[in-house]
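Hi everyone, thanks for making time. I'd like to walk you through a structure that is probably new to most of you, so please pull it up and follow along.

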Amino acid sequence: MNDKSIPASARVVIVGGGVMGAGLAYHLAEEGWSDVLLVEKGELTSGSTWHAAGQCPSFIADYNMAKIHDYGVKLYPRLEELTGQYVSWHGCGGIRFAYQPAEVEWFHRVAGVGKLIGFECEIIDPDKIRQLVPYANIDGVLAGAWTITDGHVDPAGVCNAMARGARQMGANIVTHNRVLDIKARPSGEWEVVTEQGTVIAEHVVNAAGCYARQVSQMVGTDIPMINMKHTYLVTDTVPEFLQRDEEMPVIRDPYPSSYYRQEQKSALIGIYEMANSEECWTHRGGWPEWKSENELFDPDFDNLAPFIERVMERIPMWSELGIKRVVCGAIPHTPDSNPFLGPAAGLRNFWHCNGASIGIAAGAGSGKYLAQWMVHGDADINMAGVDPRRFSGFAPGDYTKAKSHEDYEHMYKLHLPGEERPAGRKLRTTPLYDVLEAKGAVFTEVNGWERAKWYSLDGREEEIGFRHNNTFDVVAEECRAVRERVGLMELSTFAKYEVCGPDAGKLLERISANRMPTRVGGVTLTHYLAGNGRINGESTVTRLDEDVYYVLSGATSEERDLSILRLGVEPGEDVSITNITDDWGVLVVAGPKARETLQPLTESDLSNESFRWLSGMEISLAGVTVRALRVNYVGELGWELHCRMDDLPSVYQAVWEAGQEYGIAHFGTYAMNSLRMEKAYKGWTTELTNEITMVEADIQRFFREDKGEFCGRQATLAAQAGGIEQKLVYFEVDKGDNDVVGGEPVLVNDKAVGVTTSGGYGHHTGRSLGFAYVPPQFSQPDSQFDVLLFGQRRVATVLSEPVWDPQNNRLRA
Ligand SMILES: Cc1cc2nc3c(=O)[nH]c(=O)nc-3n(C[C@H](O)[C@H](O)[C@H](O)COP(=O)(O)OP(=O)(O)OC[C@H]3O[C@@H](n4cnc5c(N)ncnc54)[C@H](O)[C@@H]3O)c2cc1C
């Protein structure tokens, strides 16, 4: 029998009443789901939220995370009016300091994001900084990024205000009630066992902050997150502040790796120590005790002192002041800095809303966009970067520890394109790693895998930065090999599944927008759609036998697409789904000499008549059973060769030797990007995302409305009939010493009308290329607009067809 305050059922149970849980409850109610029960084991805010410093920066380089922050920055000043709860919003703005020219360049990029999203970011010179912070010593500072309308807030106030607003809209919030267990019911619902009774819920959300791993484990899963110690201190009153009405902006300063600001008439200094960062509760392996509430830790002043001294160098007038308060609290960190907002891998209606390191700033936006996903089937922003399924099962553990410490220590470090972070590396390697490294491969990491970016033939390292660098000519040569001779690439990072059984085809048809191959040996590119027609995933499917399908997805989609496949199976269906990602390796052999290279290695006929483009079959090659697929992402004659991981070295060696006669060369992902841009091949998570439909992405040739009902069909038909407000265009931009990377504003006159999604330099055609979403009136071939690249306007012209082989003659050769 439940206590009075606990209902027997609720549509959604949220576990955790910090800023993330409260933000979600508020926005679920706002979206119309008010049958929400939020359960908190202590008081609201008694986890990490109460002790946060409350800064809400707009300055975020990631386009989608910036949208999440921006939403909060715009909501918080209005929250009191909306809910009646005081939140103490201080719109004092913020300044981030730059010490290197590259940081200033980066500021221009962030200012471009601001222009897109609608937050004000001005790049200011040292004189202006002195004017805004007259008592600062800014020796060495080259410029500041001044975000004029952000500020700081009372974290408990914001959390309580959103909780209050949620209650006003009908949500139920129960405190001092711990969730003890969560069980799946045969009906698909969840049984949430709390201290005050059991609740049956359609959806459960893990918003448990530092306890998110414990709550995940209640349902048999885990997430890659750790709890770091983070410290700020508050000084005695600053006499100079008593004489000023105007509040100083929040300073974010890489030199002391700190933020500092005015806290009433005192100074507040927060430090991200750049070495020896520590986790909380180390004696318990990082796991908090359930009874922990409002807990603080002893800071390590020896480790913090050098950073505090640097802050005093910057603001000398603070150096004589006493310290009146020190707050060292727990803060969640994840391997890539982003929170977890979305479904848990493999579970239906179990969601994550946790892992936030800047959760006060992100709490409202996280709640808004996750609520959209839960209520409408998808969010209005690209959620790929926050989807909890972006990491595979290997991630919790050493990888997460290493990467998350690094993330904490690098909070104020600029990461330049091409830079490789050392932590958590070489966890997922293939038997070819050493071989390729010996041939000059320079690796990057994706979902734990090591993948070659380019080949440094003379041993030089990449000169990292935002401009074309020493890899430019090398990559051009790699591209030339693919276009003119034959190129070899290892692409074992693909997620790979076998979908087998009498109902395998039925399952795949039901979840796919394209028709599955009707004949054995057929290959199909297909998209998975949400019920609302948005694009949820992309796979290549090969029919290997009557009831055997080989499904390939991108490296970061491993868990996501596995979930789509497994959750798509209906009761009574006879289908098995096996994830063979780690067991199978892949080589790409592409270029006009690909056939001549491979034919001597196999007795199977590789001629065009016997082995057509978009077909696949098992063949024996170099004495190894290989799944050969005549597809590639670079737009040339070629095959992907899939074989058991153990066999990969011998297949590689045979291909490498056979290709010598034709000038075979390795190529990496830099070259692949250049080659796919020349072919106008769209990418999952860049062009194809959960924000858009197939109609907007202009990929309707993969939408087979005539094959019967499937997920997202009706919504896509409606989008076709109803017209669209944005359309994907392929364009060429005036050449310069850098290229489109995505997230840049598309300007018409001075107005941002669209956004770029990805781009790159087409080495073989000598053209700088990109994709962008724009209003349909700018999508006609030869339409022109500007793209703002690092603060410079570059003229872009819409192209009607790929700049390389528009008729696919080379693929069909
Ligand atoms: C010193 C410091 C300064 C910071 N400054 C800033 C800042 O300036 N700006 C910023 O944006 N962020 C800042 N942060 C980070 C911020 O505090 C966190 O990102 C944010 O509070 C996380 O919110 P949350 O809701 O995920 O977690 P929490 O606030 O910890 O909430 C989770 C809640 O879940 C409850 N819970 C857990 N398990 C159960 C269960 N089984 N049953 C019921 N309830 C449960 C807990 O009691 C807790 O109240 C700072 C952090 C620290 C340590």
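**A quick tour**

Let's start small, with one pair of residues: in strand E10, the bridge partner of Ile182 is Val192. That pair belongs to strands E9, residues 179-184, and E10, residues 190-194, which run antiparallel and are joined by five bridges. The two strands make a hairpin with five residues between them. Look at Gly188 in that turn: its phi is positive, at about 100°. And before I go further, do keep in mind that this is a predicted model.

Okay, on to the ligand. How many residues surround the ligand? There are 38, and the closest are Glu40, Ser48, Thr49, Gln55 and Ala356. Which helices and strands each supply at least two residues of that shell? Those are helix H1 (19-30), strand E12 (226-237), strand E16 (323-333) and helix H9 (359-376). By type, the shell divides into 19 nonpolar, 16 polar and three charged residues.

Now zoom in on the backbone there. A polar backbone atom of Ala356 sits 2.7 Å from an oxygen atom of the ligand. For Gly47, the distance from a polar backbone atom to a ligand oxygen is 3.4 Å. Then there's Ile358, with a backbone N or O atom 3.2 Å from an oxygen atom of the ligand. As for cover, the ligand on its own has 1,000 Å² of accessible area, and the protein covers 99% of that.

Next, please scroll along to the open sheet. It has six strands in the order E28-E29-E30-E27-E21-E31, and the pairing is mixed. At the edges you'll find strand E28 (616-621) and strand E31 (665-666), each pairing on one side only. What packs on this sheet? Helix H16, residues 648-659, does, and it touches E21, E27, E28, E29 (624-629), E30 (638-644) and E31. The direction of H16 makes about 10° with that of E27.

Inside that sheet, E21 (residues 487-490) and E27 (residues 584-590) pair in the antiparallel sense over four bridges. If you want a landmark, Met489 stands opposite Val588 in E27. Over at E28, the pairing with E29 is antiparallel too, over six bridges, and there Ile619 stands opposite Val626 in E29. E28 and E29 form a hairpin with two residues between them. In the turn, Ala622 has a positive phi of about 55°. One thing to remember as you look at any sheet: in a regular strand, side chains alternate between the two faces.

Further along there's a closed barrel. Six strands run E32-E35-E34-E33-E36-E37, with antiparallel pairing. On average, neighbouring strands here are turned by 45° against each other, ignoring direction. To take one pair, seven bridges join E32, residues 727-733, to E35, residues 767-774. Within that pair, Glu732 stands opposite Leu769 in E35.

Last stop: a couple of loops. Where is Phe790? You'll find Phe790 in the loop between strand E36 (784-789) and strand E37 (792-798). Its phi is near 50°, a positive value in a residue other than glycine. Lys426 isn't a glycine either, and has a positive phi of about 55°. That lysine, Lys426, lies in the loop between helix H10 (398-409) and helix H11 (433-438).

That's the tour, so thanks for listening, and feel free to spin the structure around while we talk.

Terms used:
Residues are numbered from 1 along each chain as its sequence is written. This is a predicted model: local features need pLDDT of at least 70, side-chain atom pairs count only at pLDDT 80 or more; totals for chains, interfaces and linings use all residues. Side-chain values use heavy atoms; hydrogens and water are left out. Two strands pair if DSSP finds at least two bridges between them. Contact means heavy atoms within 4.5 Å. Axes are lines fitted to C-alpha atoms, for helices over the stretch in contact, and angles run from 0 to 180 degrees between N-to-C directions. A residue is near a molecule or strand if one of its heavy atoms lies within 4 Å of it. A polar contact is a pair of N or O atoms within 3.5 Å; within protein, one must be able to donate a hydrogen and the other to accept it, and residues adjacent in sequence count only if both atoms are side-chain atoms. Accessible areas come from the Shrake-Rupley method with a 1.4 Å probe; for residues, only the protein chains shown count as cover. Ala, Val, Leu, Ile, Met, Phe, Trp, Tyr, Cys and Pro count as nonpolar, Asp, Glu, Lys and Arg as charged, and the others, Gly among them, as polar.
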